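This report describes a complex through its domains, its contacts and its backbone geometry. Please look over the sequence and the structure before reading on.

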Amino acid sequence: MATYYSEEHEWITVEGDIATLGITQHAADQLGEVVFVEQKEAGEEFEKGDEIGVIESVKAASEIYAPVDGEVVEVNETLADNPGALNESPEGDAWIYKIKLSDASQLEDLMDLDGYKALIG
Amino acid sequence: MTDAPKRTPLYDLHVELGGKMVDFAGWEMPVQYPMGIMGEHKQCREKAALFDVSHMGQVILRGENVGEKLETLCPQAYATLKEGKARYGFFTNDEGGIMDDLIVSNAGDHFFVVVNAALRHQDIPHMQANLEGVEVTEIFDRALVAVQGPKAEDVVGGLCPAARDLKFMETTLAEINGVECRVSRLGYTGEDGYEISIPEDKAVEITRAFLAHEDCEPAGLGARDSLRLEAGLCLYGNDIDQTTSPVEANLAWAIQKRRKEEGGFPGAARIQKELAEGPSRKLVGIRPEGRAPARQGVEIQSLEGETIGQITSGGFGPTVGGPVAMGYVAAGHNEPGQKVNLIIRGKAQPAEVVALPFVTQNYKR
């Protein structure tokens, strides 16, 4: 099990060919209080760079961009009723999708925790 | 020439209090404090919140018959504004659009005007050029602080007993900690409260004194926007601009009867025609049925798929507990209860036209 980070402030934890994807605590802090999350549905496929969801905070709407190619296998439906969880535990219970990776080699383009920490300063 | 954002006399205090500073209309202002926008919003509805609004333009008008002369630029009855009273109004252009909105107070030996931060550079020359025989002086050495909420009278009245005697839209000079301030009972949140003009060298001391009250917390521009939106109050540049008439913007209440009948202000032809025949579009409240906020620029469609208007302000209303918005819809679609669709990221989301405001205004009449 390994966790990777994107420049768009997402994390992705890989176990076999399934990965869990969410936004980082840093991203959640920058967004402010989240009031709505728009998610794709299970079964939808996407490519790296595609918009795969939107997070609305009290301040603004922010898109979620796919850090890798893949397919949504599970959606965290608790976020519909409790979008504020994204502020509480964005790197824990408030994950956004479980996805199936199309090309595991894309993970090499992402950062590890140290690289991400350096990015956010 | 660099255009570094300006700082108000309270800048250092905002930073000390953990304010997250952003550039707003050329000013470095706090968008929120550690409490967060939702907490600050609820603080204002339930207790009292303090906002720095020193970026707004404070202007003094001196001369003979200032109120009468203002009537040549505004559709309000300022000639008959009594001493100690404040009145909301706007400058109109020759096409009947709104150049800016403002608050005018009759301070006895002068008139005191507060205009939007982004438009001070338009409004002051506009008054200087058109108010003959009136000395127009912009004040740069006073902070403007708003204390708003059901506990505002306790917070301000504790230091300034005269504030308790004011009613909504009344203004007076009064001492706070031995310093003469202009205290006006009005605001931009839908709650009871005050705006207090304070000499800049005493601004931090007096602001700290207000914040020392257990029910008063600082709030930023984020909460100010969600509070005014729930209260159905227009934001210049979003809901009103040079193209929108006061009748379209539901501001006909702010044009007094004599002015409606007599005209004599810029754009009177269009405004009087719209008063008589109704405008072609109207600003309404919009309540999305789902949870997705509808923000500025979102298209409003009839259930048949015809474009009928656009959202001008929208977001999450913490007191309402869901998304709220305002926007213009074509005449015939503006009755409360009308079902519409909002096109958010390409998808139609159901919504309803509702009466404004979204929350009851709690002014002390």
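## Domains, contacts and backbone of the complex

Chain B is divided into domain 1 (1-279) and domain 2 (280-354), and the C-alpha centres of domain 1 of chain B and domain 2 of chain B lie 28 Å apart. The contact between them takes 16 residues from domain 1 of chain B and 18 residues from domain 2 of chain B. On the side of domain 1 of chain B that touches domain 2 of chain B, α2 and α8 of chain B each supply at least two residues, and α2(B) gives the most, with four residues. By class, this side of domain 1 of chain B has five nonpolar, six polar and five charged residues.

The model discussed here is predicted. Chain B has a mean pLDDT of 97, and 99% of its residues reach 70 or more; for the complex, the predictor gives an ipTM of 0.84 and a pTM of 0.94.

**The contact between the chains**

Where chain B meets chain A, the contact takes 12 residues from chain B and 10 residues from chain A. The elements that give two or more residues to the side of chain B that touches chain A are α2 (37-46), α8 (221-230) and β16 (307-317) of chain B. The residues of this side of chain B divide into five nonpolar, four polar and three charged. Both α2 and α8 of chain B therefore appear in two settings, since each supplies at least two residues of the side of domain 1 of chain B that touches domain 2 of chain B and each gives two or more residues to the side of chain B that touches chain A.

**Helices α8 and α10 of chain B**

Nine of the 10 residues of α8(B) are buried, so this helix is largely enclosed by the rest of the structure. The buried residues of α8(B) are B:Leu221, B:Gly222, B:Ala223, B:Arg224, B:Asp225, B:Ser226, B:Leu227, B:Leu229 and B:Glu230, and they pack against β1, β2, α2, β3 (48-52), β16 and β17 (322-330) of chain B. In helix α10 (residues 268-277) of chain B, the buried residues include B:Arg270, B:Ile271 and B:Gln272. A glycine with positive phi comes just after each of these helices: B:Gly232, at about 70°, just after α8(B), and B:Gly278, at about 90°, just after α10(B).

**The nonpolar core**

In soluble globular proteins, nonpolar side chains tend to be buried together. The largest nonpolar core of this model has 122 residues, and those with the most contacts inside it are B:Val104, B:Val113, B:Val145 and B:Val147. This core draws at least three residues from each of domain 1 (1-279) and domain 2 (280-354) of chain B. Leaving aside residues up to four places away in sequence, B:Val145 touches B:Leu50, B:Asp52, B:Val53, B:Ile196, B:Ile198 and B:Thr207.

**The open sheet of chain A**

In chain A, six strands form an open sheet in the order β1-β2-β3-β9-β8-β5, with antiparallel pairing. Strands β1 (2-5) and β5 (45-46) of chain A stand at the edges, each with a single partner strand, so one side of each is left without a neighbour in the sheet. Within the sheet, five bridges join strand β8 (residues 70-75) of chain A to strand β9 (residues 97-101) of chain A, and these two strands run antiparallel; A:Gly70 stands opposite A:Leu101 in β9(A).

**Backbone exceptions in chain B**

Most residues other than glycine have a negative phi, and most peptide bonds are trans. The table lists residues of chain B that depart from one or the other of these patterns.

| Residue | Backbone value | Location in chain B |
|---|---|---|
| B:Ala25 | positive phi of about 50° | loop between β1 (20-24) and β2 (27-32) |
| B:Met169 | positive phi near 65° | loop between α6 (162-165) and β10 (171-176) |
| B:Pro357 | cis bond with B:Leu356, omega about -5° | segment after β19 (347-354) |

Are the residues with positive phi in these loops buried or partly exposed? B:Ala25 is partly exposed, with 16 other C-beta atoms within 10 Å, and B:Met169 also counts as partly exposed, with 18 C-beta neighbours inside 10 Å.

Methods:
Residues numbered from 1 in each chain as written. Chains lettered and ligands numbered in written order. Predicted model: local features only at pLDDT ≥ 70, side-chain atom pairs only at ≥ 80, totals over all residues. pLDDT = per-residue confidence, 0-100. Buried ≥ 20, exposed ≤ 12 C-beta atoms within 10 Å, placed from the backbone. Contact = placed C-beta atoms within 7 Å. Nonpolar A, V, L, I, M, F, W, Y, C, P; charged D, E, K, R; others polar. Pairing = 2+ DSSP bridges. Core = buried A, V, L, I, M, F, W, Y, C linked by C-beta atoms within 7 Å. Domains from an automatic or database assignment.
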